[in-house]
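Visitor: I'd like a walk through this model. Could you show me how to read it, one feature at a time?

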Amino acid sequence: MASYEGVLSRIHCQSPRSNHNDPTRPELDVVTLRWDGEQVARRDMGTGEGWTLDVTRPLPGPATVEVVVRPNVDGSVEDVIGTVVLSEDLVGRGIPATDFHVARFDEAGAQYQLTYKVQVVPDPVDAPPPVG
C-alpha cells in the first residue's frame, strides 16, 4: 500500500492585509501556516516577498492547511484567508513535471499564494546482505 506525504513549498505575498498608513513603517503581516490546527510556519511578510518553506509531513489521511494572517500591529486580529486540503487525490493532478499546485487567496484585504503538493513516499529499499 502506498504512503503519501504533503509538501508546503512556498508562500508569496502579493499584498499584505496590513494597512496602517504610516510611511515610516513597512506594511507587514504576520503569516502563520497551520496543518490540522498545528502551527508549522510563521513569519512577517510584506508586498512582493516570497518564502521558501521546508515543510514535509506524512499524510496518513486528508489534512487541512490554513493560511492565517494578521497585520504586524499591536491589537490586530488573525484572519484565516484560505485553506487547502491535502490528500492522495492530488497526486498527478498538479502542474506538469512538478505536480505542484498553487492556491491563490484574496481575502480580508490580503493577497497570497501557496505552492504545495502531495507525493508518494517510495518504499524503503532493503539493504543488501553484508558480504563476508
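**Starting from a serine**

Guide: Happy to, and keep in mind that this is a predicted model. Let's begin with S76, which touches R70 and P71, leaving aside residues up to four places away in sequence.

Visitor: Where does S76 sit in the chain?

Guide: S76 belongs to the loop that links strand 5 (63-71) with strand 6 (79-86).

Visitor: Is S76 buried, partly exposed or exposed?

Guide: Go by the relative accessible area: under 20% is buried and over 50% is exposed. S76 comes out at 25%, so S76 is partly exposed.

Visitor: Which backbone oxygens does the side chain of S76 reach?

Guide: One is the backbone oxygen of P71, 2.6 Å from a polar atom of the S76 side chain. Another is the backbone oxygen of V73, at 2.9 Å. For a view across the sequence, try S18: 58 residues separate S18 from S76, while their C-alpha atoms are 9.2 Å apart.

Visitor: On to the sheets. What is the strand order in the sheet that holds strand 5 and strand 6?

Guide: The order is 3-2-5-6, an open sheet of four strands with antiparallel pairing. Strand 3 and strand 6 are at the edges with a single partner strand each, so each has one side without a neighbour in the sheet. Ignoring direction, neighbouring strands here are turned by 20 degrees against each other on average.

Visitor: How many bridges join strand 5 to strand 6?

Guide: Seven, and the two strands run antiparallel. To find the register, look at V69, which stands opposite D79 in strand 6.

Visitor: And what order does the sheet with strand 8 have?

Guide: That open sheet of four strands reads 4-1-8-7, with antiparallel pairing. Strand 4 and strand 7 are its edge strands, each pairing on one side only. From one strand to the next, the twist averages 20 degrees.

Visitor: How many bridges are there between strand 1 and strand 8?

Guide: There are 11, in the antiparallel sense. C13, for instance, has Y112 in strand 8 as its bridge partner. Strand 1 also pairs antiparallel with strand 4, over seven bridges, and there R10 is matched with T52.

Visitor: What connects strand 7 and strand 8?

Guide: They form a hairpin with two residues between them, and A108 in the turn has a positive phi of about 55 degrees. Strand 7 and strand 8 pair antiparallel over seven bridges, with D106 facing Q111 as bridge partners.

Visitor: Which residues have the most contacts inside the largest nonpolar core?

Guide: As a general idea, nonpolar side chains tend to be buried together in soluble globular proteins. Here the largest nonpolar core has 28 residues, and those with the most contacts inside it are L8, I11, L53, L86, Y112 and L114. Strands 1 to 8 each supply at least two residues of this core, and strand 8 gives the most, with five.

Visitor: What does L114 touch?

Guide: Among its contacts beyond four places in sequence are I11, L33, L53, V65, V67, V84 and F105.

Visitor: T115 is also in strand 8. Is T115 buried or exposed?

Guide: Use that cut-off again: buried means under 20%. T115 has a relative accessibility of 16%, so T115 counts as buried. Leaving aside residues up to four places away in sequence, T115 touches V7, L8, S9, R10, F100, H101 and V102.

Methods
Residues numbered from 1 in each chain as written. Predicted model: local features only at pLDDT ≥ 70, side-chain atom pairs only at ≥ 80, totals over all residues. Heavy atoms only, no water. Buried < 20%, exposed > 50% of the residue type's maximum accessible area, 1.4 Å probe, protein only. Contact = heavy atoms within 4.5 Å. Polar contact = N/O pair within 3.5 Å; in protein donor to acceptor, adjacent residues only side chain to side chain. Core = buried A, V, L, I, M, F, W, Y, C linked by side-chain atoms within 4.5 Å. Pairing = 2+ DSSP bridges. Axes fitted to C-alpha atoms, helices over the stretch in contact; angles between N-to-C directions.
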